Amino acid sequence: MSDKAPNSEPAYRWNVLYILVGGALALEIAAFALLGWIYR
Amino acid sequence: MSALDWIVLLGTLAAIVGFGIWRTHGTNDMAGYLRGGNQEKWHTIGLSVMATQASAITFLSTPGQAYQDGMGFIQFYFGLPLAMIALSILFLPRYFNLRVFTAYEFLESRFDRKTRQLTAFLFLLQRGLSAGITIYAPAIIVSSILGWSLRLTCLGIGGVVILYTVVGGAKAVSQTQKQQMIVMLAGMVVAFVVVVMRLPDGISFGNSLHIAGALGKLDALNLSPDPTVRYTLWSGLLGGFFLAMAYFGTDQTQVQRYLGARTIAASRLGLLFNGLFKIPMQAMILFVGVMVFVFYQFNPPPIFFNQPELARAKQSFYAGQLASLEQAHVAAFEHKRAEIWQLDRALDSHDAAAIAASEKRVRAAEADSAALRAKAKATIAQAVPGANTKDTDYVFLSFVVRNLPRGLVGLLLVVIFCAAMSAVAGELSALASTTLVDFYRCSIRTEATDAHYVKAAKLFTAGWGVLAVLFATFASMLDNLIQAVNILGSLFYGTILGIFIIAFSSRRVRGTAVCLAAIAAESIVVAVFVATTISFLWYNVIGCLAVLLFARIFEAMPSRPVRKADR
């Protein structure tokens with residue numbers, strides 16, 4: 001990843017990372033829900 | 001503690017501190033001392049950001065919280081990954097483009113000096129008190145359980161941190177935090193493995209999860225819309241998001257960590273690293289607490305984990321009452337253990353009806369045990385006026401000291417000391433930077449050499465360190481203040497975040513309007529705190545939104561002619 005000025009930075013690479021982090025959060029919440037449901 | 005534990009504890013701490021000083025001594029320019037020379041790589045930033053937030057209380061108190069209330073506290077962190085994304089997009093480019101040393105420097109370029117210094121002052125007040133608590137809170141627990149002098153423990157933690165933070169500045173903080181974080185994570189993995197190995201033969205890991213689940217310890221999610229319930233999915237996602245935005249975006253303790261990055265990309269990756277790994281790390285720490293709970297279903301727990309406080313109560317008129325409560329507690333434990341073995345057999349037989357019936361009996365037995373613990377706490381409160389009857393902070397360390405093999409006790413103490421030191425170091429470095437840049441260089445000595453400012457920064461670091469140690473040493477006289485300081489963050493963060501959001505998003509609102517809006521918003525937050533039982537996580541939302549609203553109202557009001565200083 002570069003530190004070039006925003007206009008020349010490939011924004012899609014960062015967007016992929018943001019989606020990855022957001023997606024990980026969703027998976028974690030789902031995992032906690034599943035854990036509580038299986039072992040209630 | 002055995003000789004091996006002392007060797008592990010002192011050897012590891014000396015190695016980390018010695019390495020930090022060796023790598024970073026000789027820094028004598030401001031960029032080097034306050035921002036680490038902008039050389040830090042993304043993984044150092046990521047670990048440093050995590051280590052700054054993870055104080056010793058994280059490792060002492062969180063497992064105890066899971067022991068008592070289960071995994072629900074994890075919801076507190078749900079807003080954090082979203083905040084990391086928002087900060088990467090909105091805040092980072094502005095901080096980097098302006099090449100600021102502190103977050104508050106930015107506010108002068110946008111508003112005026114008084115807004116900058118008001119916000120910096122709020123930070124110094126809140127963080128200055130917090131630095132003392134960061135030393136005191138683990139020191140009181142460690143000294144109680146191990147019989148060490150509280151004053152010497154505070155002095156030991158504070159003294160070592162002052163040494164390497166003064167010598168090496170921000171770079172020393174980051175370098176030592178990287179090693180400390182690795183040790184902390186390794187230590188928690190070891191603790192988890194050992195506690196699972198200590199479960200009785202014949203109890204499978206799956207069945208131990210069933211036992212924990214039957215007693216409500218694995219209910220991580222609470223979907224209640226009630227704002228007075230402290231940890232819910234909604235307060236975690238929304239309130240937690242605003243809290244994380246304020247803490248990581250406007251608190252100099254964190255801003256200083258990622259301003260030391262080599263590039264803005266390294267800063268972003270460090271924040272996103274934190275966003276990705278924070279929840280799994282906290283889940284693991286909570287899960288250790290759940291497994292300690294399962295351990296104590298097969299091994300008799302004390303009726304009250306703060307043994308020194310219990311011993312004090314037993315010297316009073318209530319000694320006889322406490323003795324009979326302890327006997328009843330042992331009997332209740334034996335009965336509950338028998339029911340849990342029944343549950344284990346029912347689980348192995350996969351008989352749903354037997355499992356359901358057994359779970360019901362186990363829950364009833366647990367309720368009996370809990371009632372006896374509550375009676376014991378009430379008796380201790382009567383026996384020792386002013387006694388602290390919350391013992392969850394003592395659960396994990398007393399388990400470690402009594403049940404871990406030699407050497408590993410030392411390792412877990414290393415974890416606790418590393419966590420305390422990493423958090424305090426981050427705080428001292430940030431306090432010194434803000435004092436130097438936002439007050440000393442800004443208003444007192446505006447023209448001086450870099451070498452002079454570095455010397456001043458070292459003096460400020462040492463000064464704040466001494467204040468923190470003094471406060472920690474005398475904090476035992478101010479129990480109620482500790483409780484107030486713990487929620488101090490949420491009382492102020494929302495307002496500070498609102499100031500920054502206005503700064504980033506609106507060109508029309510000026511310094512005076514924002515200052516007045518901050519005062520109005522703060523009054524509302526304090527009123528909510530005093531008059532309601534709304535969860536403290538919501539204070540961040542209320543404070544922030546109030547600033548955004550009032551700033552626009554005050555700006556729209558007819559006013560005196562605008563002075564140049566307000567532009």
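**Exercise 1. Find how the side chains of B:Glu359 and B:Arg363 meet, and place the pair in its helix.**

Solution.
Step 1: The two side chains form a salt bridge, with N to O at 3.6 Å. The rule asks for a side-chain nitrogen of Lys or Arg within 4 Å of a carboxyl oxygen of Asp or Glu.
Step 2: B:Glu359 and B:Arg363 are about one helical turn from each other, because they stand 4 residues apart in helix H16 of chain B. Helices here are DSSP runs (H or I, at least four residues; strands are E, at least two), numbered from the N terminus.
Step 3: B:Glu359 is buried at a relative accessible area of 11%, whereas B:Arg363, at 38%, is partly exposed. Buried means under 20% relative accessible area, exposed means over 50%, and partly exposed lies in between (1.4 Å probe, protein chains only).

A word on conventions before going on: this is a predicted model, in which local features need pLDDT of at least 70 and side-chain atom pairs count only at pLDDT 80 or more, while totals for chains, interfaces and linings use all residues. Residues are numbered from 1 along each chain as its sequence is written, chains are lettered from A and ligands numbered from 1 in the order in which they are written, and side-chain values use heavy atoms, with hydrogens and water left out.

**Exercise 2. Work out which parts of chain B are linked by the salt bridges B:Glu366 to B:Lys336 and B:Arg373 to B:Asp391.**

Solution.
Step 1: Start with B:Glu366 and B:Lys336, whose side chains meet at 2.5 Å, N to O. This pair links distant parts of the chain, 30 residues apart: B:Glu366 is in helix H16 (residues 352-383) and B:Lys336 in helix H15 (residues 319-349) of chain B.
Step 2: Check the exposure. B:Glu366 counts as buried at 18% relative accessibility, and B:Lys336 counts as buried at 5%.
Step 3: Turn to B:Arg373 and B:Asp391, with their closest N and O atoms 3.3 Å apart. B:Arg373 lies in helix H16 and B:Asp391 in the loop between H16 and helix H17 (392-403) of chain B, so the pair ties together parts that are 18 residues apart in sequence.
Step 4: B:Arg373 is buried with a relative accessible area of 14%, and B:Asp391 is buried at 0%.

**Exercise 3. Describe the surroundings of B:Arg116.**

Solution.
Step 1: Salt bridges that share partners join B:Glu108, B:Arg113, B:Arg116 and B:Asp438 into one network.
Step 2: B:Arg116 sits in helix H8 (residues 113-146) of chain B and counts as buried at 7% relative accessibility.
Step 3: The side chains of B:Arg116 and B:Asp438 are joined by a polar contact of 2.7 Å. That term covers a pair of N or O atoms within 3.5 Å; within protein, one must be able to donate a hydrogen and the other to accept it, and residues adjacent in sequence count only if both atoms are side-chain atoms.
Step 4: Leaving out residues up to four places away in sequence, the residues that B:Arg116 touches include B:Tyr104, B:Glu105, B:Leu107, B:Val437 and B:Cys442. Contact means heavy atoms within 4.5 Å.
Step 5: Over all chains, the salt-bridge count comes to 16.

**Exercise 4. Characterise the interface between chain A and chain B.**

Solution.
Step 1: Chain A has 1 helix and 0 strands, and 30% of its 40 residues are buried.
Step 2: The contact takes 21 residues from chain A and 32 residues from chain B.
Step 3: Together the two chains bury about 2,100 Å², 79% of it on carbon and sulfur atoms. Buried area is the accessible area (1.4 Å probe) that two parts lose on being put together, summed over both.
Step 4: In chain A, the residues that lose the most area to chain B are A:Tyr18, A:Phe32 and A:Tyr39, together 33% of what that side buries.
Step 5: Between the chains there are 0 salt bridges and 1 residue pair in polar contact (both at pLDDT 80 or more).

**Exercise 5. Decide whether helix H5 of chain B is enclosed or open, and name what covers its buried residues.**

Solution.
Step 1: Helix H5 (residues 80-90) of chain B is largely enclosed by the rest of the structure, because 8 of its 11 residues are buried.
Step 2: Among the buried residues are B:Leu80, B:Met84 and B:Leu87.
Step 3: The cover includes H1 of chain A, along with helix H3 (42-53), helix H6 (92-98), helix H11 (233-250) and helix H13 (264-298) of chain B.
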